[in-house]
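I sat down with this model today and jotted down what I looked up. Here are my notes, in the order I took them.

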Amino acid sequence: MHFPKELKYTKTHEWIRFTEDGKAYIGITDFAQDQLGDLVFVNLPEEGDALTAGESFADVESVKAVSDVNSPVTGTVLQVNEELQDAPEKMNEAPYEAWFVLAGDITETEELMDAEAYEAYAASEG
Amino acid sequence: MELKRTPLYEAHIRCGGKMVEFGGFEMPVQYKTGVIREHMAVRTACGLFDVSHMGEVILEGPDAVANLNRLLTNDYTEMAEGQARYSPMCNERGGTVDDLIVYKMPDGRYFIVVNASNREKDVQWIQDHLTGDARACDVSDSYGQIALQGPRAEAILSKLTAPENIPLKSYHACWDRDVGGIRCIVSRTGYTGSDGFELYAPAEETEKLWDLLLEAGADEGLIPCGLGARDTLRLEAAMPLYGHELSDDISPLTAGLGFFVKMDKPDFIGKAALEAAGAPKQRRVGLKAIGKGILREHQDVYADGRLIGHTTSGTHCPYVGYPAAMAILDAEYREPGTRVEVDVRGRRVEAEVVRMPFYKKEK
């Protein structure tokens, strides 16, 4: 399992990549996709929707179950990765390229872990 | 309660099975390959399933067939040795105690296969309702059961046994045959909608049979499959699952199983209630999602601005490639082409009533 060093992670298994201009890409981790199994559907927010740190902004569905995806930040959805709707398997195949949303206007950020801390945390959950 | 393990528990761990609780057993929900690839293997090549959690009951005695005809809705009067026949088993209210398969054994006894989660209930029910000279014995712990399912199943089985040990027709079994040196019941049945076999082996030799089959199937694309794929496959084939499309309160007629309910038999448990109820007011239907979203069980279904029923099972069907569900709806909405709306966690998703099964194997 792979946890890129340049990303930050949440306890609910999302990753976040901050850009130089203070925006952030959000997705689910390799551990999350492995636990969920084959993903077949994603329900995404719309551009302009508000994000609240620690609250659900999307959900993903495997053949067996639905899971919420939480936002690590409070802010606004600037861009949505519509490609995931047609190719949900991308979340399994390349979880760190399969970003859900680009967030901006960030006013609050949840407590985040670095790759090393998250790897240890995931191992304890798995 | 302590979870039971099948004779294949160690094999699942070795194969990388992800273990979950089901019907009181620790069972693999999937292997490392994942549900979709396991599902597709069964439709295009072959899959291997542990179904040892199923229960087996032997019914014997001079009045065995009379008891079957009274306990079950199907007719067991005319049956060849080795033949298998599906039936619902009703309670007095016309609800369903379980659905099961009965084989006629070569020695004239009957071999009944019941759902894992209903095993104790069924054995109790059967014993409480036996009349005359007949005995029922739960032999579940003596048997392991492996399902070999998919278009390559026959080719794989042929590597381990002689042609005369392979039943030619669906719903027929060859009894006590040598498969790779193990004495098995070889039945041409399954719960996937694809061709295949169910092999009953002595519990202590089931693991050896599993390994032999995996080895024989390696170059035919055979992979182990878990309960996740078993569920998506049976849903795609629109086969009812007890606790979903059937229950103590759902009659086999509501579930669309009228073919297996022989109302012209003199009597069976539940017949009077089914007669009194008349044509079912609700019916099982197949739904195909038109809007975006995955249909799941226990979701409300609406049409003409009112609640008309609820879904009983639903998922994304990997082979046909769309989200589908089964639902029990007011009978007037059962015609294919009828548009309905399903409440998917607060969002209305449009769906269409379609003919079942969603997947049908080519002849």
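**Ground rules.** Before naming any element I settled the terms: helices (H or I, at least four residues) and strands (E, at least two) are DSSP runs, numbered from the N terminus. I number residues from 1 along each chain as its sequence is written, and chains are lettered from A and ligands numbered from 1 in the order in which they are written. This is a predicted model, where local features need pLDDT of at least 70, side-chain atom pairs count only at pLDDT 80 or more, and totals for chains, interfaces and linings use all residues.

**Confidence.** I checked the scores and found ipTM 0.73 and pTM 0.91. For chain B the mean pLDDT (the predictor's confidence in each residue, from 0 to 100) is 97, and 99% of the residues reach 70 or more.

**Backbone oddities.** Most residues other than glycine have a negative phi, and most peptide bonds are trans. I noted A:Asp105, which is not a glycine yet has a positive phi of about 50 degrees. I located A:Asp105 in strand 9 (residues 101-109) of chain A. In chain B, I found a cis peptide bond between B:Met356 and B:Pro357, with omega about 0 degrees. B:Pro357 sits in the segment after strand 19 (347-354) of chain B.

**Where the chains meet.** I call two residues in contact if their C-beta atoms, placed from the backbone, lie within 7 Å. By that rule, seven residues of chain A are in contact with 10 residues of chain B. On the chain B side, helix 2 (35-44), helix 7 (227-236) and strand 16 (306-317) each supply at least two residues. I sorted that side of chain B into three nonpolar, seven polar and no charged residues. My classes: Ala, Val, Leu, Ile, Met, Phe, Trp, Tyr, Cys and Pro are nonpolar, Asp, Glu, Lys and Arg are charged, and the others, Gly among them, are polar.

**Helix 2 and helix 7 of chain B.** How far apart are the axes of these two helices? They are 9 Å apart, and the helices pack at an angle of about 55 degrees. That angle makes helix 2 of chain B oblique to helix 7 of chain B. For the record, axes are lines fitted to C-alpha atoms, for helices over the stretch in contact, and angles run from 0 to 180 degrees between N-to-C directions. Angles under 35 degrees count as roughly parallel, over 145 as roughly antiparallel, 65 to 115 as roughly perpendicular and the rest as oblique. I then listed the residues that meet: B:Val35, B:Glu38, B:His39 and B:Val42 from helix 2 of chain B, with B:Gly228, B:Ala229, B:Thr232 and B:Leu233 from helix 7 of chain B. This contact of helix 2 with helix 7 of chain B divides into four nonpolar, three polar and one charged residue.

**The six-stranded sheet of chain B.** Two strands pair if DSSP finds at least two bridges between them. I traced an open, mixed sheet of six strands in the order 10-11-12-9-3-13 in chain B. Strand 10 and strand 13 (222-224) of chain B are at the edges with a single partner strand each, so one side of each has no neighbour in the sheet. Neighbouring strands here are turned by 25 degrees against each other on average, direction ignored. Helix 2 of chain B packs on this sheet, touching strand 3 (46-50), strand 9 and strand 13, and makes about 120 degrees with the direction of strand 3 of chain B.

I followed two pairings in more detail. Strand 9 (residues 143-149) and strand 12 (residues 196-202) of chain B are antiparallel over seven bridges, and B:Ala147 stands opposite B:Glu198 in strand 12. Strand 10 (residues 173-179) and strand 11 (residues 182-187) of chain B also run antiparallel, joined by five bridges. In the hairpin of strand 10 and strand 11 of chain B, with two residues between the strands, B:Gly180 takes a positive phi near 60 degrees.

**The five-stranded sheet of chain B.** I finished with an open antiparallel sheet of five strands in the order 5-6-7-4-8. Its edge strands are strand 5 (84-90) and strand 8 (135-138) of chain B.
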